[in-house]
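Welcome! Please take a moment to look over the sequence and the 3D view, and then let us walk through a few places together.

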Amino acid sequence: MKTFKKRIVSVILTFLMLFSLCNGAFVNNIVYAADTDITIGNEVGKSYYGFQLTSVKDEPSIDSTVMIFTHVKTGAKLMYIKNEDTQRVFDITFRTPVSDNTGVNHIIEHSVLDGSKNYPVKSPFKEMLKGSLGSFINAMTSTDYTTYPVASTNEQDLENLMGVYLDAVFYPNLTTNSNIFKQEGWRYELPSKDSDLSVNGVVYNEMKGNYSDPQWLLRNAVNQSLFPDTSNKWDSGGNPDAIPTLSEYQFISTYKRNYTPSNSYIYLYGKLDIAKYLQFIDKNYLSKFDKVAVDTSIKTQKPLSNIPEKVVIYPVAQGSDTKEKTYLSLNYVTGNIEDKETNTALSFLSYLLMGTDNAPLKKALTDSNIAENVSSSFSIQGIQPVFSINAVNSDEASKEVFQKTILNTLQNISKNGFDKDFLKSALASYDISIRYEKLLTPMLGGNGIILSQTALATWIYDKDPTMYFETDSVMKKIKESDENKYFQNLINKYLLSNNYHSLVILKPDAGLESRNAESSTKKLEVYKSTIGEKGNVSLLKETEAFNAWQKSEDSKEAVETLPKLSLKDIKPELPDLSYKVENQSGINVLTHNADLNGLSSINLYFDSSKVPQDKLHYLSLLSALLGNVNTKEHSSQELSNGMLQHMGNPVVFAPSAVSDSKNPDKYSPKMAVSFMVPDDNISKSFDIVEEVINSSEFNDRQKIKQIIEQNKAGLQMIFTSGSGFAAIMRMSSYMNESGRYSDELTGYSYYKFLQDIDNNFDAKWEEISKNLKDTCSLVFNKNGLVASYSGAEESAQIFKKELSRVSGEINAQILPQQKYTFAQPDKNTAFSSIAKVQTIIQAGDFKKAGYKYSGKMMVLQNVLNMGYLWNKVRTTGGAYGVQSSFSSDGRVMLASMSDPNLKETLEAFKGAVDYLKNFKATDDEMANYIIGAVKDYVNLKTTGPLMEGALCDSMYLTNSSSNELLEFEKEALSTTPEDIRNYGDMLDKILKQNIYFVEGSKEKIEQNKQLFNEIIDYGK
């Protein structure tokens, strides 16, 4: 899906996921003596359980009725979206504008979930997460608000979660327990008198990870350039340099000011007894408060009188080449959030300008050769939307060409309009994308979650919360007008004639991180010296007391205050994962009946085992080129237009290694060709696919060079962002052959290949062109082809007919199957970069330790994640995230993310063995672990037909079945504490395999270099 296709809804959701945490209790059978069985009607002005109904509106676009209430006593706002959806949602939000870079609202977001009046455990969030069936449980902080959404198909579960959330936000322990601020925010640590003083804290470490990412720094710099007088200039997540300046007094004062019902926005969605929910919320929480005046108003920035140019530096590894590592960003403030038509149109304009390789502005910037990758975005993440045009891996000297190219291209479009065929195709693609989006929605937490975040885009500014629920009317208006003229006027008004814009230049500095680290160390040394012996003794005692608190366990009585689901509520069942397999002209064809909203999902899995090992890198490059280069019949522009018009999206080409579920060392190399298409365009889509795979040409030097640069830049951003991707890929490549094959296609090996052919492009051009052509002819072969179809049964017949027709045009030559032999990479490898924190992975293979997979291992994962790893590595160690996984192919992983430690975490992983061997749990605690473990299976029924079709393909290709999935679920449901204890020996054997991989700070890795067999520096 392109940016415009995700529409404003998905943009908001993606942004809000930048920050996270989260989790509830509903008191059963609470009634008012005289008010039982009240039916909530549509009578505006009438009051129900303290809430006055202020508006009722039918929203046909979402098959719902929207009811808006105001709580009379406090002024709290409440919206209920009434429909028959059983994926129900509760959300409570507070407007929390930012006034500095301390991240205070982000720290409060974490901290309110660390115990409350009615649930006095150290982490109700963790305890609830252990045993919730929630399909979405989170909390997020944006510049202007903090929100706590949950979704569940189990209504009792939703009620439980809602109750815990409400208690957390209104009666948190953070106001009386300073340890919570120290744990989630920041604290000084002094383990011994002679130790170096350090700073630790969950949010502090999370943001250290984010500040390793140039994209994060660029976003902050853009906001600072455009909004110097408003809260938007601050980083709501918190700058790691500023977080330690936040006092506990400021922290508590900010909470008390903002977290009041008078400043709250409550959201309910789905098939609910709304009277019961209103009654509970009022009686147990809102009625306890009075209305107060809260000034959380959001100011808008007055247009700037001058056009600012902001230059910011970002760190790259010491000694690395800084040439062509600059980011350029031209940004326009386009108006305000309530201009629905303009904002919807500008979102689409972003796609028209930059959404495909042949879009006019992207092509002009790419052809200018000033950057390796270019993109645009339209953001409504605040009250004033921003249109941005970005260039990655450029240099400061190219800023004039960057701006001039943009200006000239926009002026040309303003004068002559877009290419008519391209515009027609893009508009047709939008219509298809609307249907596709509805299929994706269940996989993103459900429509209720998306609508909750959509509503907040305007509701939080006291505008109509339903404004962006429907945007199709805007596109209809555009289509009924002179389309080109409409967009020409849009460009003129909001881009060409808009003086409210900025140019941001983000420059690399190879010495910045060293200077910053030295400065931080010096500050801590000075502080330790300044406070003297008395102050150091005080810090020693504080550190000791804090560590003791962290190690303390919740009382049995405290844990029992939390509401729980019962195992009786869980029935082992799966959605319809049935499919048919038949052989058609030598092709194995899978069909799965599904209602895909008038669309068909088609996948062609070509056997790519014919590609020689020394050409595997070209297989991955080929997947990026196909559909983006000319064919013998059409130019890449014509091809792109055809795909958009008839299919809605470009065809996706993706090479992979499909592992056999019964034998992890056995895998099948595949090139998947995937596309969604309207049922009445199946024939045309096969024509396009056949043309691409049979007649693509690889002789356009400039285009191929550009795509190589784009792919290299994309991987570079992933590797240098501190995401942990390199460590995960190296772990997979060490574990088995399929992992090594995958690393050749997408990992560090492929990145080095792209670097080589980019740096030596002219000398290697003939070789590159020939290898692409040869690889294409080898991979697209009828022998071994598997085709799958998911959609309406009547359209499946059309699919089979068209497949039969096109298969005759596919090469059927018998080709030798290659045997791949990859050298196993070194274990215990570290990838160093300018990241300030680490991703640490300890891996192993339980099958090599003599064990076989069981569904009980899902419960084992939950026990480790929500028990030992959470307490030891996250809570005590300060890592932002922790995870364990036990895969059916034998792979085991213990991991930490945004972790300030390294050696200490590897030692902590070893402690998991004794934890398991001594594991104890009551029946209720065990039930919690089991329920939380099987929730993904239970929620499969709500992920939608698109996911079901994908699962059918996966089961066939991996030699697994739905019966096996059901058996795994049954095994999980029967897990006992003894089973968990018995896994202690297994984990001991796994950890003794001594396999680990680290990605993170160059300084931290160098300090522990004795732990590694190999250190790979991204900067070299």
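**A short guided tour**

Let us begin with N205, which touches N200, V837, G878, A879, S898 and P900, leaving aside residues up to four places away in sequence. Keep in mind as you look around that this is a predicted model. You will find N205 in helix α6, which spans residues 202-210. Is N205 buried or exposed? Its relative accessible area is 0%, so N205 is buried. One of its neighbours deserves a closer look: the side chain of N205 makes a polar contact with the side chain of N200, at 2.7 Å.

Another residue touched by N205 is S898, so let us go there next. S898 belongs to strand β26, residues 891-899. With a relative accessibility of 17%, S898 counts as buried, because the limit for that word is under 20%. Its backbone is worth a glance too. Most residues other than glycine have a negative phi. The phi of S898, however, is near 45°, a positive value in a residue other than glycine.

D462 offers a second example of a positive phi in a residue other than glycine, here near 60°. To find D462, look in the loop between α14 (447-459) and α15 (472-480). Its relative accessibility is 46%, so D462 counts as partly exposed.

Now for a pair of helices. Two packed helices are described by the angle between their axes and the distance between the axes. Helix α2 (residues 104-111) packs with helix α8 (residues 248-258) at an angle of about 80°, and their axes are 10 Å apart. That angle makes α2 roughly perpendicular to α8. Which residues make the contact? From α2 come V104, N105, I107, I108 and S111, while α8 brings Q250, F251, T254, Y255 and N258. Sorted by class, the contact of α2 with α8 has 5 nonpolar residues, 5 polar ones and no charged ones.

Our next stop is a sheet. Strands of a sheet pair through backbone hydrogen bonds, either parallel or antiparallel. Here 6 strands form an open sheet, and their order is β17-β18-β22-β19-β21-β20, with mixed pairing. Which strands stand at the edges? They are β17 (580-584) and β20 (652-660); each has a single partner strand, so one side of each is left without a neighbour in the sheet. On average, neighbouring strands of this sheet are turned by 25° against each other, direction ignored.

Within that order, β19 sits between β22 and β21, so it is a good strand to follow in detail. Strand β19 (residues 599-607) pairs with strand β22 (residues 786-791) in the antiparallel sense over 5 bridges. S601 stands opposite S790 in β22. Strand β19 also runs antiparallel to β21, and 9 bridges join these two. There, the bridge partner of L599 is P678 in β21.

How enclosed is β19 by the rest of the structure? It is largely enclosed, because 9 of its 9 residues are buried. Both of its faces are covered: L599, S601, N603, Y605 and D607 are buried on one side, and S600, I602, L604 and F606 are buried on the other.

Finally, look for a helix that meets this sheet. Helix α19 (residues 616-625) lies across β20 and β21 (663-678), and it runs at about 140° to β20.

How values were computed
Residues are numbered from 1 along each chain as its sequence is written. This is a predicted model: local features need pLDDT of at least 70, side-chain atom pairs count only at pLDDT 80 or more; totals for chains, interfaces and linings use all residues. Side-chain values use heavy atoms; hydrogens and water are left out. Axes are lines fitted to C-alpha atoms, for helices over the stretch in contact, and angles run from 0 to 180 degrees between N-to-C directions. Helices (H or I, at least four residues) and strands (E, at least two) are DSSP runs, numbered from the N terminus. Angles under 35 degrees count as roughly parallel, over 145 as roughly antiparallel, 65 to 115 as roughly perpendicular and the rest as oblique. Contact means heavy atoms within 4.5 Å. Ala, Val, Leu, Ile, Met, Phe, Trp, Tyr, Cys and Pro count as nonpolar, Asp, Glu, Lys and Arg as charged, and the others, Gly among them, as polar. Two strands pair if DSSP finds at least two bridges between them. Buried means under 20% relative accessible area, exposed over 50%, partly exposed in between (1.4 Å probe, protein chains only). A polar contact is a pair of N or O atoms within 3.5 Å; within protein, one must be able to donate a hydrogen and the other to accept it, and residues adjacent in sequence count only if both atoms are side-chain atoms.
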